[in-house]
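Me: I'm new to this structure and would like a close look at a single part of it. Could you pick one helix and walk me through its surroundings?

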Amino acid sequence: MARRGRRQKLPQEAVTAEIESLSHDGRGIARIDGKTVFVDGALPNEQVTFQYTRLHKKFDEARTVEVLSAAAERVDAKCEHFGVCGGCSLMHIAPEAQLVHKQNTLAEHFTHFGNLSPRQWLEPLRGPLWGYRRKARLGVKYVTKKEQVLVGFREKSSPFIARLERCQVLDPRVGDRLAELGEMIAALEAYNRIAQIEVAMDDEHVALVFRNLDPLSAADKQALSAYGQENDIWVYQQPGGPDTISPLWPVNPQLSYAPETGLSLNFDPSDFTQVNAGINKKMIQQAFELLELQAGDRILDLFCGLGNFTLPLAKRVAEVVGVEGDQALVNHARNNAVLNQLDNAEFELADLTKTELKDYPWAQAGFNKILLDPPRSGAFEVLHQLADLGAERLVYVSCNPATLARDAGELVHQHGYTLEAAGVMDMFPHTTHVESIAVFSKKIQ
């Protein structure tokens, strides 16, 4: 059996280099003897010294040791854990420059994966920069050597949980409690059997779901419930999969949020909801403006979740059908329609990666406009059906610029749509996550 080649020994001396550009994941790019080096913590137009961290055949990786000449976009990171915690990668870049980087990333993906560009670039949607995140999954780990429970996100480029006191991007109702949560868990009998905490918040309430690998003792249930009552936090246990989540305190909690004034959507802690409530409201309004809504529209909302777009649409148009592949979310959406007394919103269960929409009775009348908000994998499998449904206008909300660009190329080059406009939304400030929106049009014969 052939032996693997030996791993190259890392050079020990620091290297001085000019940073040429920024990678999509927020690292500076330098060229050393013709080879690309991705330098963590470096920005374009800077001169830095760096230390190699990993060597590869076609590129190398490094970390900044010292910034010799700083870029105008560089700022001091607000978070004391920046550079250690892997949650944020762009906190050393001014917020406006972050948006420029994300728009450039989207444009590059449109060119590379879709071979196209929009006729118009939309102004980025801006929102709160700090304490904006209302959904998160926090890692929990008991560190034997330190006899301490850590609660937070993973270290950068590492499987280990970072030692965090607080998180500046999490809503402070939880972001300021990370060390406190670790101390509380450390006092439980199951101190080393809590694997994670699912965080979900609405305007008034905080819900924490503790993933317990073993059944909790009566004493631990009481301790968690007491912590919740003392701090006005709703506490749940999760001994298995998402279907095993149950409240410890209070007895019948119910989270809800308002996508716009006059609407209330109930959700469970494990349900998908947008992490940034402020941007979500702006995103909904922008999507509706791009759809150019008319009272008589019949609209299809694909990957509709629990009705985030569907129910606000129902207040504006004649009829809207939301389609989702998760039965629990469909049930929530239907209940939310009843809760808000909207009888022109219909919700249907379908696997959109395998489904022929025309086979369903609710699709046979067609739709003149479509909104879709797919997962990171995109919506490629369903694109060929959209034009056949009679959609003259289509708005695509995306959390992955690569799959948006791929799907945009398919819509334009294979199905006769025009990419009218696109832009980014600052859903996740200080991270490299690019949330975007695009609108397509087509003249229907």
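Reply: Let's take helix α4 and the sheet beside it.

First, some ground rules: this is a predicted model, where local features need pLDDT of at least 70, side-chain atom pairs count only at pLDDT 80 or more, and totals for chains, interfaces and linings use all residues. Residues are numbered from 1 along each chain as its sequence is written, and side-chain values use heavy atoms, with hydrogens and water left out.

Helix α4 covers residues 218–231. (Helices are DSSP runs of H or I with at least four residues, strands are runs of E with at least two, and both are numbered from the N terminus.) At 1.5 Å a residue, its 14 residues should span 20 Å, and the end C-alpha atoms are indeed 20 Å apart; the expected span is 1.5 Å times one less than the number of residues.

Now for what's hidden. Asp220, Leu224, Ser225, Tyr227 and Gly228 are the buried residues of α4. Looking down the axis of α4, you'd find these buried residues within an arc of 155°, so they line one face of the helix; the arc is taken from the directions from the helix axis to the C-beta atoms. On the other side, Ala218, Gln222 and Glu230 are exposed. (Buried means under 20% relative accessible area, exposed over 50%, and partly exposed in between, using a 1.4 Å probe and protein chains only.)

What does the covering? It includes α3 (178–186), β11 (206–212), β12 (234–238) and β13 (246–249). Just after α4, Asp232 has a positive phi of about 55°.

Those three strands belong to an open sheet of six, in the order β9-β8-β10-β11-β12-β13, with mixed pairing; two strands pair if DSSP finds at least two bridges between them. At the edges stand β9 (148–152) and β13, each with a single partner strand, so one side of each has no neighbour in the sheet. On average, neighbouring strands are turned by 25° against each other, direction ignored.

α3 packs on this sheet too, touching β8, β9, β10 (194–201) and β11, and its direction makes about 140° with that of β9. Contact here means heavy atoms within 4.5 Å. As for α4, it lies across β11, β12 and β13, running at about 70° to β13. Such angles run from 0 to 180 degrees between N-to-C directions, with axes fitted to C-alpha atoms, for helices over the stretch in contact.
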